[in-house]
Amino acid sequence: VIALDKSNGKLIWRSDRPAEPFKPLSEIAKKAYITPIIINVKGNDMLISNSSAVCIAYDPNNGREIWRVVDGAESTVSMPFTEKGVVFWYAGYMVDGEGNKFTELLAVNPDGIADITATNILWKKRDEQSKNQLLTPVIKDGLIYTVNTRNKLTCIEASTGEEIWSTHLKSDYNASPLYVNGNIWFFSVKGEVLVIKAGRKYEIVAQSQMDSGIWATPAVLRNSMILRTQKALYRIGGE
């Protein structure tokens, strides 16, 4: 993990991952594709960077490790996310004693030092239908919205990890969903756009079809959405 001076590209600090959590993994399994996030805990910034086998909080000023949670095994893709002082992330997929592949969603209290694996995990939710988590969930007002690799759309209670409701969709979803004005937007690899109302009941607001598949998470520019399909780049909305 490195920090660069954005004005000239020079290296400010470098922090190497600890070797021990990765020793059991093959080279291909050590990959991580996540974008880290920065949170503030009691006035101190932390850079939360999840890898395949361990999630680490760094001091973004100097790269010093603040804490770690050792959980997961092979490649991880989904970004960490946070609400109300709790950090959530999906671990890299694991294999149980019977050979079943699964992943886990963790909720962690980030107020800790050193190895907090045994002390600060608030809950874990095991997903036995999905061996990995590609998109980054949306969290809003204590509810987590996500789609796994088996096309299961789920609303999860952020305080407990309990499932509120779920439904199966027809397509794969790789792009991360967005929260916009009380609604959650989902974008499929077949170009389907699904908009649901945020809340404890599954309620479809709108559905539409783009010209081709959507793999990239849309960007937001003021009141507009910048959406890239396989054929074109769109700007949708107002100024």
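Strands (E, at least two residues) and helices (H or I, at least four) are DSSP runs, numbered from the N terminus. The legends below describe a predicted model, in which local features need pLDDT of at least 70, side-chain atom pairs count only at pLDDT 80 or more, and totals for chains, interfaces and linings use all residues. Residues are numbered from 1 along each chain as its sequence is written, and side-chain values use heavy atoms, with hydrogens and water left out.

**Figure 1. Thr 136 in its loop, beside the backbone of Met 79**. Let us start with the loop between strand E12 (121-127) and strand E13 (138-140), where Thr 136 has its place. Thr 136 has a relative accessibility of 12%, so it counts as buried; the term means under 20% relative accessible area, while exposed means over 50% and partly exposed lies in between (1.4 Å probe, protein chains only). A polar atom of the Thr 136 side chain lies 2.9 Å from the backbone nitrogen of Met 79.

**Figure 2. An open sheet with the strand order E17-E18-E19-E20**. This view shows 4 strands with antiparallel pairing; two strands pair if DSSP finds at least two bridges between them. E17 (178-180) and E20 are the edge strands, and each has a single partner strand, so one side of each is left without a neighbour in the sheet. On average, neighbouring strands here are turned by 20° against each other, direction ignored. Such angles are taken between axes, which are lines fitted to C-alpha atoms (for helices over the stretch in contact), and run from 0 to 180 degrees between N-to-C directions. As a reminder for reading the picture, side chains in a regular strand alternate between the two faces of the sheet.

**Figure 3. E17 meets E18 across an antiparallel pairing**. The two strands are joined by 3 bridges, and Leu 178 has Trp 185 in E18 as its bridge partner. In the loop between E17 and E18 you will find Asn 181. Asn 181 is not a glycine, yet it has a positive phi of about 50°. With 75% relative accessibility, Asn 181 counts as exposed.

**Figure 4. Two hairpins, one of E18 and E19 and one of E19 and E20**. Strand E18 (residues 183-187) runs antiparallel to strand E19 (residues 192-197), with 5 bridges joining them. Here Ile 184 stands opposite Ile 196 in E19. The turn is part of 4 residues between the strands, and Gly 191 within it shows a positive phi of about 85°. On the other side of the view, 5 bridges join E19 to strand E20 (residues 204-209), again in an antiparallel arrangement. Ile 196 appears here too, standing opposite Ile 204 in E20. This hairpin has 6 residues between its strands, and Gly 199 takes a positive phi near 155°.

**Figure 5. Aromatic pairs, stacked and tilted**. The structure holds 6 aromatic pairs. Rings of Phe, Tyr and Trp (its six-membered ring) pair if their centres lie within 6.5 Å; planes under 30 degrees apart count as stacked, over 60 as edge-to-face and the rest as tilted. Phe 81 and Phe 88 make a stacked pair, 5.3 Å centre to centre with 15° between the planes, and both residues are buried. Together with Trp 123, Phe 81 and Phe 88 form one aromatic cluster. The rings of Tyr 145 and Trp 165 have centres 6.5 Å apart and planes at 55°, so this pair is tilted. The pair links distant parts of the chain, with Tyr 145 in strand E14 (residues 143-147) and Trp 165 in strand E16 (residues 163-168), 20 residues apart. Tyr 145 is buried, with a relative accessible area of 1%, and Trp 165 is buried at 8%.

**Figure 6. Charged side chains: Arg 126 over a ring and Lys 152 with Glu 163**. The charged end of Arg 126 sits over the ring of Phe 102, 3.6 Å from its centre. For this, NZ of Lys or CZ of Arg must be within 6 Å of the ring centre and within 35 degrees of the ring normal. Lys 152 lies in strand E15 (residues 152-157) and, at 17% relative accessibility, counts as buried. The side chains of Lys 152 and Glu 163 are joined by a polar contact of 3.2 Å. A polar contact is a pair of N or O atoms within 3.5 Å; within protein, one must be able to donate a hydrogen and the other to accept it, and residues adjacent in sequence count only if both atoms are side-chain atoms.
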